[in-house]
Amino acid sequence: MAKYVALCGGVGGAKLAFGLAHALPPGELTIAVNTGDDFEHLGLLICPDLDTVVYTLAGIADAGKGWGRASESWLVQEELARLGGPTWFQLGDKDLALHLYRRSLLDGGNSLCDVTTTLANTLGIKHTIVPMSNDPVRTIVETDEGALAFQHYFVARRCEPRVSGFRYKGTTTARVSPALAAALSAPDLTGIILCPSNPFVSIGPILALPGMRDQLRTSNAPILAVAPLVGGEAVKGPLTKMMHELGLKASIDGIASLYADFLDILVIDPQDECDASALCTDSIEIDMIKTLMKTPDERITLAQHVLARLKNLSSDGKVYAMS
């Protein structure tokens with residue numbers, strides 16, 4: 001049996017995870033999700049990336065907003081505002097119910113991994129979705145306004161402060177979640193996929209976990225990333241702005257440089273073909289296909305292409321299982 005691990009976070013990551021889940025049976029895919037943007041709000045643990053993946057795979061995500069639940073109501077948020085409570089982070093009623101249930105399960109002694117499995121199964125998801133770690137990791141954005149917790153930078157300050165770097169608080173002691181560690185160590189692991197997620201705030205926290213980069217460097221399975229840029233621009237979110245402010249060119253070469261120590265294939269959109277010719281490394285194979293996923297069918301088509309490329313990879317001498 002072929003097995004794949006997808007690392008993801010954010011809306012783009014959730015879209016490709018959706019495609020992969022439609023292209024693979026449940027036993028062949030583990031989706032590991034960033035928790036660096038988790039935070040405590042009103043006594044609840046909010047897990048934006050985990051919830052976006054769960055809602056997307058369950059078919060109940062708000063596709064227009066890119067976050068939260070479709071057909072949402074806002075009675076609690078409205079009452080919270082009337083009471084003078086904090087409303088900078090919007091929580092719909094259905095979304096809030098999930099956060100309340102997660103809080104009760106965590107308080108009952110369950111791990112975040114177990115809680116995520118329970119919530120996903122309850123919403124009808126058969127594929128494995130796991131947090132990158134059961135331990136708290138928090139992304140800190142270094143800016144010209146000082147160090148900001150990610151949600152403060154992203155939501156409260158609308159990504160306006162100028163970025164100078166990132167820290168991932170908690171990664172000195174955090175451990176890779178047991179389910180992700182087991183998936184990465186599986187003898188029949190066929191490929192590892194980095195979804196088109198922000199490399200700093202979605203993939204970066206996962207790679208910052210102790211031993212993670214070393215595990216990718218020494219993996220026998222080929223590793224493929226889908227570039228989160230189309231035509232040199234981020235499809236959604238502040239990636240382009242971040243790269244410019246960090247002194248990096250928002251380009252295919254800029255993305256490749258962040259994964260150069262372990263990446264085998266970088267999938268790019270045809271709009272970036274000219275940019276790919278300037279790639280500064282010959283150790284990464286460039287592959288082109290339309291990566292903009294506006295429809296469910298486009299998500300599945302990209303996923304099928306990614307899986308086919310991983311199965312066919314053999315030129316670098318990596319040994320991996322074939323189904």
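This is a guided tour of a predicted model, with selections to make in the viewer and a note on what each one shows.

**Stop 1: the seven-stranded sheet**

Begin with strands S1, S2, S5, S9, S10, S13 and S14, which form an open sheet. Read across the sheet, the order is S5-S2-S1-S9-S10-S13-S14, and the pairing is parallel. In general, strands of a sheet pair through backbone hydrogen bonds, either parallel or antiparallel.

Which strands stand at the edges? Select residues 128-131 for strand S5 and residues 285-288 for strand S14. Each has a single partner strand, so one side of each is left without a neighbour in the sheet. Looking along the sheet, neighbouring strands are turned by 25° against each other on average, direction ignored.

Next, pick out S9 and strand S10 (residues 223-226), which pair in the parallel sense over three bridges. To see one bridge pair, select leucine 194 and its partner in S10, alanine 225.

Now add helix H7, residues 178-185. H7 lies across strand S1 (3-8), strand S2 (29-33), S5 and S9, and runs at about 130° to S1.

**Stop 2: the three-stranded sheet**

Select S6, S7 and S8, an open sheet with antiparallel pairing and the order S7-S6-S8. Strand S7 (146-149) and S8 are the edge strands, each pairing on one side only. From one strand to the next, the twist averages 25°.

Strand S6 (residues 138-143) runs antiparallel to S7 and is joined to S7 by four bridges. For an example, select glutamate 142, whose bridge partner in S7 is alanine 147.

**Stop 3: two packed helices**

Two packed helices are described by the angle between their axes and the distance between the axes. Select residues 10-23 for helix H1 and residues 48-58 for helix H2. Their axes are 9 Å apart and the packing angle is about 40°. The crossing of H1 and H2 is right-handed. To show the contact, display Gly10, Val11, Ala14, Ala17, Phe18 and Ala21 on H1, then Asp49, Thr52, Val53, Thr56 and Leu57 on H2.

**Stop 4: aromatic rings**

How many aromatic pairs does a search of the whole structure find? The search finds seven.

For one of them, select phenylalanine 39 and tryptophan 88, a tilted pair with 5.8 Å centre to centre and 45° between the planes. Phenylalanine 39 is in strand S3 (residues 39-41), while tryptophan 88 is in the loop between helix H3 (75-82) and helix H4 (93-107), so the pair ties together parts that are 49 residues apart in sequence. Phenylalanine 39 is buried, at 12% relative accessible area; tryptophan 88, at 36%, is partly exposed. Add Phe89 to the selection: Phe39, Trp88 and Phe89 form one aromatic cluster.

Move on to phenylalanine 166 and phenylalanine 200. Their ring centres are 5.3 Å apart and their planes are at 10°, so the pair is stacked. Phenylalanine 166 is in strand S8 (residues 163-169) and phenylalanine 200 in the loop between strand S9 (189-194) and helix H8 (204-207), which places the two residues 34 apart in the chain. Are these rings buried or exposed? Phenylalanine 166 and phenylalanine 200 are both buried.

**Stop 5: charges over rings**

Select lysine 65 and tryptophan 67: the lysine lies over the face of the tryptophan, at 5.9 Å from the ring centre. Finish with arginine 299, which lies over the face of phenylalanine 18 at 4.9 Å from the ring centre. Phe18 was also selected at Stop 3, as one of the H1 residues that make the contact with H2.

Notes: Residues numbered from 1 in each chain as written. Predicted model: local features only at pLDDT ≥ 70, side-chain atom pairs only at ≥ 80, totals over all residues. Heavy atoms only, no water. Phe/Tyr/Trp six-rings, centres within 6.5 Å; stacked < 30°, edge-to-face > 60°. Buried < 20%, exposed > 50% of the residue type's maximum accessible area, 1.4 Å probe, protein only. Lys NZ or Arg CZ within 6 Å of the ring centre and 35° of its normal. Pairing = 2+ DSSP bridges. Axes fitted to C-alpha atoms, helices over the stretch in contact; angles between N-to-C directions. Contact = heavy atoms within 4.5 Å. Left-handed = near helix turned anticlockwise from the far one by under 90°.
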